[in-house]
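Visitor: I am new to this structure and would like to be led through it step by step. Could you show it to me before we talk?

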Amino acid sequence: MPFRSPWSLIFLLRNKFFVLCLTLLLMPPSLLRSFQHALRGIRRCFVTERNFRIHVAAGLLAISLSLALPLMSWQRVAIWFVVMIVLVLELINSSLERLV
């Protein structure tokens, strides 16, 4: 989407931020609480699990390289998708290790 001036981009981003804030305010308390529990679990995994921290560092490196290198957009999306899958699987692995 081409922007005629930087002000139009700022206006668009400000409106999207307003919609996001409004959505968060109108969200049911139980859903908001669910997101808080999920973020607390991710934070706890990051603090307690060394392998998760390693995967996060490698994922950040892969994402930053995908932004720095001249890749096609589908290749960037594929890299980001693989990074997210690896992090989700590491979260599942950590939770199963904690159960056993």
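Guide: A term comes before the questions: a residue counts as buried under 20% relative accessible area, as exposed over 50%, and as partly exposed in between, using a 1.4 Å probe and protein chains only. This is a predicted model, in which local features need pLDDT of at least 70 and side-chain atom pairs count only at pLDDT 80 or more, while totals for chains, interfaces and linings use all residues. Residues are numbered from 1 along each chain as its sequence is written, and side-chain values use heavy atoms, with hydrogens and water left out.

Visitor: Is Glu-49 buried or exposed?

Guide: Glu-49 sits in the loop between helix H2 (29-48) and H3, where helices are DSSP runs of H or I with at least four residues, numbered from the N terminus. Leaving out residues up to four places away in sequence, Glu-49 touches Ser-94, Glu-97 and Arg-98, contact being heavy atoms within 4.5 Å. Because its relative accessibility is 17%, Glu-49 counts as buried.

Visitor: In what order do the elements of the protein chain run from the N terminus on?

Guide: The protein chain has four helices and zero strands, a strand being a DSSP run of E with at least two residues. From the N terminus on, the order is therefore written with one symbol for each DSSP run. It reads α-α-α-α.

Visitor: Which helices each supply at least two residues of the largest nonpolar core?

Guide: A nonpolar core is a set of buried Ala, Val, Leu, Ile, Met, Phe, Trp, Tyr and Cys residues joined through side-chain atoms within 4.5 Å. The largest one here has five residues, namely Cys-45, Phe-52, Val-56, Val-83 and Leu-87. At least two of these residues come from each of helix H3 (50-68) and helix H4 (73-99).

Visitor: Which side chain of opposite charge is nearest to Glu-90?

Guide: Glu-90, found in helix H4, is in contact with Asn-51, Phe-52 and His-55 when neighbours within four places in sequence are left aside. Lys and Arg count as positive and Asp and Glu as negative, with His and the chain ends not counted. Glu-90 is buried yet has no salt bridge, that is, no side-chain nitrogen of Lys or Arg within 4 Å of a carboxyl oxygen of Asp or Glu. The nearest side chain of opposite charge, 9.1 Å away, is Arg-50.

Visitor: What is the relative accessible area of Leu-99?

Guide: Leu-99 lies in helix H4. Leu-99 counts as exposed because its relative accessible area is 71%.
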